[in-house]
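Q: Could you walk me through one part of this model at the bench-side level of detail? I would like a close look at a single region and what surrounds it.

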Amino acid sequence: HVEYNSPQNALTIGRHNSMAWLWMCCQPCQVCWARCTDKQEKKYAHVEYNILKEAPLTTMQKLNQVVQMQETANVYLPHSVPMASCVTSAAVNSGEACVQFSLYYDIQRCALDVQLIEVYNLPDIGGKCNSKVYVLLSSIKLERWIESMVSSNSQNPVFNQTFEFHGVLFSELKDMFIAFQIHHYSSNNSSNIFGVAKMLLKDADIYGACTTLGITLGQKIKQDPSKNKGDALLVITYKENHILEGSVIKATNLSRNTLPDPYVQIEMFYKNQHQGEWKTSVKNRTTTPVYNEPFQFDISGADINDVSLRITVYNHHKIRSSTVIGRVVLGHASHTESGRDHWMHMVQQCGQPVSYWHMLTADLTM
């Protein structure tokens, strides 16, 4: 369980009922003591309070102690776009182009939540100003794009969308940066880039405070953001009786200009030959569908190392054919590191369910 009051207040990490709380404050205080009601918890809180009183640490130092076993990423800043600085409300009112957002890191989920709030003062290009924002989280190990909805006909588009970046270790945050690439879409769906705002996470508030960054107009980050179409959480188990079981848990950040009606299709291949398929139910008008729906394939007589699963998220249409939102392949034919690693860990941990988040892409084929 993780909760916090503010960056200046107390951050508490621990478990209810099963063990004493571990209390950590920005500065030694009686907040921890006051919130302990059980006598045994007070005893442990008193110990922690004494430690903090003897050697007060910053919040970041204490959290680094909690995650000290996590692997530390190296610094990776390959892009030429300069880091943006925070701007004041006066600069916004004076017409400076900027983007407003907030960040919140959830140490329990190992996830960074990014709320894209609003973009201000985009250039007047004449005609309709339809805009979209691509959000990039980048480090030496991770490069993930998430795409916002299109905001129509405004030089100050309001988004109020929250995106989740999963599998982000706290110890890696200090070596990451976040970037917002703002695009303009014309009536014929052609895309032009207004500019980019970029910030190192070590300089960012990751506890929910609003941040406003200036946009470097005319700049861009050279990766292709169109390939990232969302993320999917999958669980798979390989049993000794040659049964492959799994479950589609959920998907997030599905990339569409309008709210899709997503469903998931899972196809099994043996030596690249189609052997069977399974589909989830359709979830209406959402970019974050939750399924928790199990599937099963009998792979008797097949070498597990030659089996692959192709997971495709579709947007369901009542009249015309469904369109592909994104795909990922697990196993023998996978082109991604996560797809190969998930399969390898499943085989190694025979009989045990193994869960992974996977990035969905639009151009993945068997």
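In which strand is N160 found?

A: Happy to help, and please keep in mind that this is a predicted model. N160 is found in strand β8, so let us start there and work outwards.

The backbone at N160 deserves a look: its phi is positive, about 50°, although N160 is not a glycine. Most residues other than glycine have a negative phi. As for its surroundings, N160 has a relative accessible area of 49%, so it counts as partly exposed, given that exposed means over 50%.

Now for the strand itself. β8 belongs to an open sheet of 4 strands, in the order β8-β5-β4-β11, with antiparallel pairing. Within that sheet β8 is an edge strand, as is β11, and each of them pairs on one side only. From one strand to the next, the twist averages 20°. The partner of β8 is β5: the two run antiparallel and are joined by 7 bridges. If you would like one pair to find on screen, take Q115, whose bridge partner in β8 is T162.

Moving on from β5, you come to the loop between β5 and β6, where N121 is found. N121 also has a positive phi, about 60°, and is not a glycine. Its relative accessibility is 22%, so N121 counts as partly exposed; the cut-off for buried is under 20%.

β6 holds Y134. At 5% relative accessibility, Y134 counts as buried. Y134 and M149 lie 15 residues apart along the chain, and their C-alpha atoms are separated by 9.5 Å.

Finally, the nonpolar interior. The largest nonpolar core has 36 residues, and those with the most contacts inside it are L103, Y105, F180 and L201. β8 (158-166) is one of the strands that supply at least two residues each to this core; others include β4 (98-106), β5 (111-120), β6 (130-138) and β11 (207-214). In soluble globular proteins, nonpolar side chains tend to be buried together. For a feel of the packing, look at L201: leaving aside neighbours within four places in sequence, L201 is in contact with L103, L112, L137, L173, M176, F177 and I178. There is also a second, separate core of 28 residues, which includes L234, M268, F295 and L360.

How values were computed. Residues are numbered from 1 along each chain as its sequence is written. This is a predicted model: local features need pLDDT of at least 70, side-chain atom pairs count only at pLDDT 80 or more; totals for chains, interfaces and linings use all residues. Side-chain values use heavy atoms; hydrogens and water are left out. A nonpolar core is a set of buried Ala, Val, Leu, Ile, Met, Phe, Trp, Tyr and Cys residues joined through side-chain atoms within 4.5 Å. Buried means under 20% relative accessible area, exposed over 50%, partly exposed in between (1.4 Å probe, protein chains only). Contact means heavy atoms within 4.5 Å. Two strands pair if DSSP finds at least two bridges between them. Axes are lines fitted to C-alpha atoms, for helices over the stretch in contact, and angles run from 0 to 180 degrees between N-to-C directions.
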